[in-house]
Amino acid sequence: YGQAVIYKGTIPRFESGWALDDHHYMETGKIFPVCGNTYNMLKETRFEKHFDFIGDFSTHYGIFDGCGTSIPYSSAGTS
């Protein structure tokens, strides 16, 4: 879908950028395109206040590369 977020740099110790997981590093102030799942993980949680949200669910631009095909974080001992 056509969503994006902008990280505000307001999480303590992560003023220049923040990583949700291995596939989602968001630099402060930059537009970061996200899938609907990531959008909702940020919008509907304690992280909402740290982001501006762009778009809605009215337009679908296709699946993101690697989206839903692998685990987006490192397994224990594989970082």
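**Strand pairing, aromatic contacts and salt bridges**

Asp52 counts as partly exposed because its relative accessibility is 38% (buried denotes under 20% relative accessible area, exposed over 50%, and partly exposed the range in between, with a 1.4 Å probe and protein chains only). The model is predicted: local features require pLDDT of at least 70 and side-chain atom pairs count only at pLDDT 80 or more, whereas totals for chains, interfaces and linings use all residues. Residues are numbered from 1 along each chain as its sequence is written, and side-chain values use heavy atoms, with hydrogens and water left out.

Asp52 lies in strand E5, and its salt-bridge partner Lys8 lies in the loop between E1 and E2, 44 residues apart along the chain. The closest N and O atoms of this pair are separated by 3.7 Å (a salt bridge being a side-chain nitrogen of Lys or Arg within 4 Å of a carboxyl oxygen of Asp or Glu). Lys8, at 37% relative accessibility, is likewise partly exposed. In total, three salt bridges are present. Another joins Lys43 to Glu48, with 3.1 Å between the closest N and O atoms; relative accessibility is 34% for Glu48, which is therefore partly exposed, and Lys43 is partly exposed at 32%.

Strand E5 (51-54) is also an edge strand, as is strand E4 (31-34), each pairing on one side only. These belong to an open, antiparallel sheet of three strands in the order E4-E1-E5 (strands, E, of at least two residues, and helices, H or I, of at least four, are DSSP runs numbered from the N terminus; two strands pair if DSSP finds at least two bridges between them). On average, neighbouring strands of this sheet are turned by 30 degrees against each other, direction ignored (axes are lines fitted to C-alpha atoms, for helices over the stretch in contact, and angles between N-to-C directions run from 0 to 180 degrees). Four bridges connect E5 with strand E1 (residues 3-7), and Ala4 has Ile54 of E5 as its bridge partner.

A second antiparallel pairing, over four bridges, involves strand E2 (residues 17-21) and E3, which are joined by a hairpin through two residues. Gly17 stands opposite Glu27 of E3. In strand E3 (residues 24-27), Tyr25 and Glu27 occupy the uncovered face, and His24 and Met26 the covered one. The side chain of Glu27 meets that of Lys30 in a salt bridge (3.5 Å, N to O). Glu27 has a relative accessible area of 39% and is thus partly exposed.

Six aromatic pairs occur in the structure (rings of Phe, Tyr and Trp, the last by its six-membered ring, with centres within 6.5 Å; stacked if the planes are under 30 degrees apart, edge-to-face if over 60, and otherwise tilted). Tyr7 and Phe51 constitute a tilted pair, with centres 5.4 Å apart and 50 degrees between the planes. This contact connects strand E1 with strand E5 across 44 residues, and both Tyr7 and Phe51 are buried. The pair of Trp18 and Phe51 is edge-to-face because the planes stand at 65 degrees, with 5.9 Å between the centres. Here Trp18 of strand E2 and Phe51 of strand E5 are 33 residues apart. One aromatic cluster comprises Tyr7, Trp18, Tyr39, Phe47, Phe51, Phe53 and Phe57.

Cys35 occupies the loop between E4 and helix H1 (36-43). Its relative accessibility is 13%, so Cys35 counts as buried. The C-alpha atoms of Cys35 and Gly2 lie 7.6 Å apart, although 33 residues separate the two along the chain.
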